[in-house]
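Welcome! Here are some short exercises, each with a worked solution. Please look at the sequence and the model before you begin.

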Amino acid sequence: MWASASKNEIKRSVGFIGYRPKIKKSDNQKIAEVGKNKLKKFAEMETFTNVVQSPMQHPGQADHELKGKWNTEFFKSNQPLTLELGCGKGEYSVSQAKFNPLKNFIGVDIKGARMWKGAKLAVEQGITNVGFLRTSIEIIDKFFAEGEVQEIWITFPDPQMKSTRRRLTATNFMEIYRRILAPGGIIHLKTDSNFQYQYTLEMVKENGFEIVANTDNLYQSELLDDVLSIQTFYEKQWRERGIDIKYLAFKLNHNEQLREPDVEIEKDPYRSFGRSARE
Ligand SMILES: C[S@@+](CC[C@H](N)C(=O)[O-])C[C@H]1O[C@@H](n2cnc3c(N)ncnc32)[C@H](O)[C@@H]1O
């Protein structure tokens, strides 16, 4: 038996101390490869002229030099500006830019390795009316001036079911969006999450914001058009699981004090509540 057994088989059969199953080594290799890929993407991002990176957040942070100047300094074209907040790989920003050459688009996310994909695609396809900003949405008013933004898209955000303040459609975020949105500016929410959709609807009603469009099943709705048919990475995954897509568009039509809705909303049964930290 010993003569034909490999070294590893022998080690395994005698419970060799220090034996590490092969699978662990390949896991480590995979992690190292992912790390290397991320570093490659970060390095490449530094060379993209369509990306602005400013991930650090600190108290008393100064305004960014592009604040109020995105059209004149960055795009060099004076067109209405749309933001996609939590853009991930930037599918919405890039596709919308293709559909609307007379508008400018900026995808915002804190995760550079994801945004690399959209930024690279835009470079490769020569789409010049889309850019990317790597920063925290919490400080977005350090980057955009009052009234500089015409529309905001929030695409498949983590619903943050345990933390209202981290939810991208909570009133603390509405306060920030209000500072940069032009009068009449629209916020679009596209989500798989019934929790996020119901919460946002309650928040909108509680504050008397104007609803522009609303459906709890977009793909069965007459609202569906070319722009609403754009599918993000997360949207594809949720749709494959048979989850209906919800869409809500509304206007922040006043500057009064905002109130959080005081309602109990059923949590999404298919989500792990602890997952948010990794999103
Ligand atoms: C669930 S993913 C959705 C990504 C993309 N919109 C999609 O549909 O595929 C949420 C994204 O929002 C980003 N994000 C969440 N909170 C953020 C914050 N406060 N500031 C910046 N990015 C944030 C995450 O980094 C992540 O890429």
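**Exercise 1.** Which of the 19 residues around the ligand come nearest?

*Solution.* Start with the ground rules. This is a predicted model, in which local features need pLDDT of at least 70, side-chain atom pairs count only at pLDDT 80 or more, and totals for chains, interfaces and linings use all residues. Residues are numbered from 1 along each chain as its sequence is written. Next, collect the residues near the ligand (C-beta atom, placed from the backbone, within 6 Å of it). Among these 19, the nearest are G86, G88, F156, T232 and Y234. Finally, look at where the shell comes from: helix α8 (residues 233–240) gives its largest share, three residues.

**Exercise 2.** Find the order of the strands in the open sheet.

*Solution.* First, recall that helices (H or I, at least four residues) and strands (E, at least two) are DSSP runs, numbered from the N terminus. Two strands pair if DSSP finds at least two bridges between them. Now read across the eight strands: β1-β4-β3-β2-β5-β6-β8-β7, with mixed pairing. At the edges sit β1 (51–53) and β7 (210–215), each pairing on one side only.

**Exercise 3.** Describe how β1 is joined to its neighbour β4.

*Solution.* Strand β4 covers residues 130–134, runs parallel to β1 and is joined to it by three bridges. To locate one of them, go to Q53, whose bridge partner in β4 is R134.
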